[in-house]
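Before you rely on the details of this chain, please read the points below alongside the coordinates. They take up confidence, one helix face, one side chain and two backbone angles.

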Amino acid sequence: MVATNVKSETMALMDKRSALEAEMNAIIDRLCQPGGPGLSGNLVDSEGFPRSDIDIPVVRAERRRLSELRNDHKVTTEKIDQNIQILHSSRLASRSSPPKESGNPEGSNNQNSPVVSDVPSASSHNVVLRDSSSDMDVDVMASIPFAMVDEIADASPAAEDGLQLGDQIVKFGNVEAGENLLQRLASEAQTNQGCAIPVVIMRQGAPINLTVTPRTWLGRGLLGCHFRIL
């Protein structure tokens, strides 16, 4: 029952995170539209006067809201991760527990006794999203992004291969969360220069599979984009 409650909470948190991502992407699109101030661009002109081509109070409010959403997104993602660990522990504990007595009279045919299955029923303490608890674990874990594309240059390898501003990285080659993510992302790109890297992203709450090929171009780096760790 505990695992069932955790599963329900986790799914609700994932819905909340999707809503946060949608609002974040909308703000990023508005701030980064052509002629816009971007996520951190100057709000004054070259002479130090407030820019007349943008609504500065609105830009400040949107940047402040984006910062709040990012904090909420981080807290929500951390809670989802905690719940996944609980679900894993529950599944492992259930699988390691000894099978219960069948209740058959002594000397009866054991072939008719219940068999413990690796696939739990809907009433068991394991949580089933589709056909098995392992499917649920993979689906939930696979949807957790660890980085976001917060800058991307026009005509860059990343842009030409399909990445967009606001895309959230779930998997980049062999990188799937953990420590030293920026260094590992850079190393993955350098190691695979000229080779297609499989990438899994979340875009507006939906998973998308891409391949990105790090390569030299007229701009900086091998990808022409910047990742922000979530």
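1. The term pLDDT denotes the predictor's own confidence in each residue, on a scale from 0 to 100. The model is a predicted one, and its protein chain averages a pLDDT of 78, with 75% of the residues scoring at least 70.

2. Confidence should be read element by element: helix H3 (residues 133-142) has the lowest mean pLDDT among the elements of the protein chain, at 45, whereas H4 has the highest, at 94. Over residues 102-142 the pLDDT stays under 50, and for this stretch the model has 48 contacts beyond four places in sequence.

3. Helix H5 (residues 181-191) deserves a look for the way its residues are distributed, since Leu181, Leu185, Glu188 and Ala189 are buried. These residues lie on the same side of H5, because they cover an arc of only 95° around the axis. As a general matter, an α-helix has 3.6 residues a turn, so residues three or four places apart point the same way. The other side of H5 carries Gln183, Gln190 and Thr191, which are exposed.

4. Against what do the buried residues of H5 pack? Their partners are strand E2 (168-172), strand E3 (197-203) and strand E5 (225-229). Note that Glu188 is listed among the buried residues of this helix, and a colleague inspecting the model may wish to view that residue in its place.

5. Thr10 sits in helix H1 (residues 2-31), and with a relative accessible area of 1% Thr10 is buried, because that value falls under the 20% cut-off. Which groups does the side chain of Thr10 reach? One is the backbone oxygen of Val6, at 2.7 Å, and the side chain of Asn83 is another, in a polar contact of 3.1 Å.

6. Two backbone angles should be checked, given that most residues other than glycine have a negative phi. Ala155, although not a glycine, has a positive phi of about 65°; Ala155 belongs to the loop between strand E1 (147-152) and helix H4 (157-160). Ala155 counts as exposed, because its relative accessibility of 52% is over the 50% cut-off.

7. The other angle is that of Asn180, a residue other than glycine whose phi is positive, near 50°. Asn180 is placed in the loop between E2 and H5. Is Asn180 buried or exposed? Asn180 is exposed, because its relative accessible area of 51% is over the 50% cut-off.

How values were computed
Residues numbered from 1 in each chain as written. Predicted model: local features only at pLDDT ≥ 70, side-chain atom pairs only at ≥ 80, totals over all residues. Heavy atoms only, no water. Helix = DSSP H or I, 4+ residues; strand = E, 2+ residues; numbered from the N terminus. Buried < 20%, exposed > 50% of the residue type's maximum accessible area, 1.4 Å probe, protein only. Polar contact = N/O pair within 3.5 Å; in protein donor to acceptor, adjacent residues only side chain to side chain. Arc of directions from axis to C-beta. Contact = heavy atoms within 4.5 Å.
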